[in-house]
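Visitor: I would like a close look at one part of this model, and then some notes on what else can be read from it.

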Amino acid sequence: MRMRPMIKSRDRKNLIKKNKLIREQNKNLYPRITIHMTLRMKLILSFMVPILFIIILGIVSFWQAAKGIRNSYENSTSQTIKMTGEYLQLGSDTVKELSTQYINEDTFKNYFMGLNKEDIVKQNNNYKTVLNTITTKVTVDKIISNISIISDDVQSVTTTKFEGENFCAGFFDTTLGKQIKERPFDIVWTGSNEYLDNFLGKDYALRLVRLTNGKNAVMAIDIGESVVRDILTNLNMDDIGTVGFVTADGVEIISGKEKGEENLFTDQNFYQEAISSKNTNGTSYVTVNGNENLFIYTKINDTGAMICALLPKKVIMSQADNIKQLTIIIIIIACIVAVFIGFKISNGLDKTIKEIISELKKAAKGDLTVIFHSKRKDEFHILIDEIQNTFANMKELIQRVNQLSIEVSDSSSNVAKTSGVFLKASEDISLAMNEVEQGINQQAENAEECLNQMDNLSNKIEIVSDNTKEINQIAIDTKKSILDGTLVTQELNNQTKVTMEIATEIITEIEQLAEKSMSINKIINVINEIANQTNLLSLNASIEAARAGIYGKGFAVVADEIRKLAEQSNDSIKDIRKIIGTIHQNTEKVVITAKRAENVMLQQEFAVENTTNSYHTINKNVERLVVNINDILLNVGDIEQARVNTLSGIENISAVLEEIAASTNTVNQTAQEQLQSVEALNLAADNLNQNADNLVNAIGTFKV
């Protein structure tokens, strides 16, 4: 075994110093990047953490408050609009019930149906009763502005000024009149009708129109526009938004605007969606003229009208914006106070810490006489007292070390001298043992190299032997495969002969088939002659039937059918001839193909015979190859035996050299260990001497 040369102690010391110098250079080339954060900054940031949570709390509170305010505003406003709609719904129900009451009342029936028309006095009394009734109702019920019952048969009764003749006849020609005429029991609510407005006036918000008991009598009850406007005004939404009453036919009454002045709702998509919705009331946010608004609606079901309101979102959120501004102001004040308090506290801490650091810098330079002062009464006072006590103990310790360091320095000088002499003797012994070890190791390496060469030769011989055996096995397998191939080729040759015989029989059968097809052609010629004779016979029969006149009509039909049968036979014979011609042509082609196949089979038989002869020749050559391989195997066996004997001798020589090298190595290791111990002792002595000097010098720097 070859030993690595030992690294001397001085070289190791030089290597350690070199590595240390490289690390120092790397530190200078690539300085560590550190981020220093002052205590003041840490305190300010620490105060800002709760401020951050206050900001988060303010934001969350704002959103919750804004959400609550918005929901509360939406609910209250929606409830107000809903109550207004219910009030108008109640008024419309009252008007509808009133119209039904008038229709069913006897006085109204008798007057408008003309039951007392002949009795002028009673008729006038009925008129006055009807007029007093509707006048009283208009006076008492504020929601009703006008009641008119107009007829072309009797004098019309109305609470407004009315002049006109044949009113009903003209009304029934309008679209609304036709609708009422077709469905006489229906009630129609309208917000505008040009025909009715011309006679009854336009001062209404919603008008009920229906037929009365008379055939030409129309009742109209108006819900006053002023009443609806008062209701909308009492909602107190004019300053914050827009509220309006919209009829089914698109007439809008907007608070603060004239009737029909401007349509704010009917032209909007959200209004159409509200109309088509099945809900009687609802809310949604919509955009009108680029501004987001809250749209609230409630339906007055029977009339088809709706109460609609648009409230700007910024008005709804105004209270939330005030909360937002107040929250921002409080957060800003909290941040300023936190920064001020943090700055104040950190300033006092910074001053105290700087004083301590200033005194510690003096102590770091060796002045242990420093005294720490502080007026603080907190933990810094305790810290300064402990630092002062620490420096007092350090003074006593350094004084003791100073006395002992002088004695250690003298002792280390004596140890260094003694270890130097011992080191010189150990180095001489180590050099001599190294030279002896190198010679023995060289011999061992040579023997080992020879052993390796013989081992490689042995491996190559084994590989040659294995390859020769494998070639022998391949030759045997090849011989077997050749025998199998010969048998297969012979079998193929036999099958080829059988195939040729079958092909010959097929050709013979095809030729016979061609002859038979010619016979079929002769039969077809005979059938063709029969068909021609039948056709001629039918022609003669037709002539005879024509001569016979009426008595020959039946025979003429039979002759005509025979003629048609003969013609069909001729057509069939032509088709059969075409088919037989095609079969004959295909048969000739098959005969040619079969003869070509016979020639190919003959060539195949000749190729199979050549292949069989080639297999016999290969078999003979393989038998000769097997004999030669067996001779090679015998010679390789003799070489292997000689290799084993030579390898055994070299192994014995190598073993003896290894034992000598091991013994020498043991002695050398002992000498090396002794040398290392002496070097360590010498190094320790040098270090002790140097450390003692350094200790004396270091202690001398302290001022105690």
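How do the residues of the lining of the second largest pocket divide into nonpolar, polar and charged?

Guide: The model is a predicted one. The lining of the second largest pocket divides into five nonpolar, seven polar and four charged residues. The space in this pocket comes to about 280 Å³. Its lining is made up of 16 residues, and those closest to the centre are Val 288, Asn 289, Asn 291, Asn 293 and Leu 310. Three elements each supply at least two residues of the lining: strand S9 (291–300), strand S10 (305–312) and helix H10 (313–316).

Next, the cysteines. Cys 308 counts as buried because its relative accessible area is 0%, where buried means under 20%. Cys 168 is likewise buried, because its relative accessibility is 0%. A disulfide is a covalent bond between the sulfur atoms of two cysteines. Zero disulfides turn up in a search of the whole structure.

Another part worth following is helix H6. This helix spans residues 175–182, and Leu 176, Gly 177 and Ile 180 are buried in it. Viewed down the axis of H6, these buried residues fall within an arc of 100 degrees, so they line one face of the helix. Thr 175 and Glu 182 are exposed, and they sit on the face of H6 turned away from its buried side. The buried residues of H6 are covered by elements including helix H5 (167–171), strand S3 (188–190), helix H7 (194–200) and strand S4 (206–211).

How values were computed. Residues are numbered from 1 along each chain as its sequence is written. This is a predicted model: local features need pLDDT of at least 70, side-chain atom pairs count only at pLDDT 80 or more; totals for chains, interfaces and linings use all residues. Side-chain values use heavy atoms; hydrogens and water are left out. A disulfide is a pair of cysteine sulfur atoms within 2.5 Å. Buried means under 20% relative accessible area, exposed over 50%, partly exposed in between (1.4 Å probe, protein chains only). Helices (H or I, at least four residues) and strands (E, at least two) are DSSP runs, numbered from the N terminus. The arc is that of the directions from the helix axis to the C-beta atoms. Contact means heavy atoms within 4.5 Å. On a 1 Å grid over the protein atoms alone, a cavity is a set of points where a 1.4 Å probe fits but cannot get out, and a pocket is an open set with protein on both sides within 12 Å along at least five of seven lines; lining residues have an atom within 4 Å of a point. Grid points are joined across faces, edges and corners, and a volume is the space filled by probe spheres set on the points. Ala, Val, Leu, Ile, Met, Phe, Trp, Tyr, Cys and Pro count as nonpolar, Asp, Glu, Lys and Arg as charged, and the others, Gly among them, as polar.
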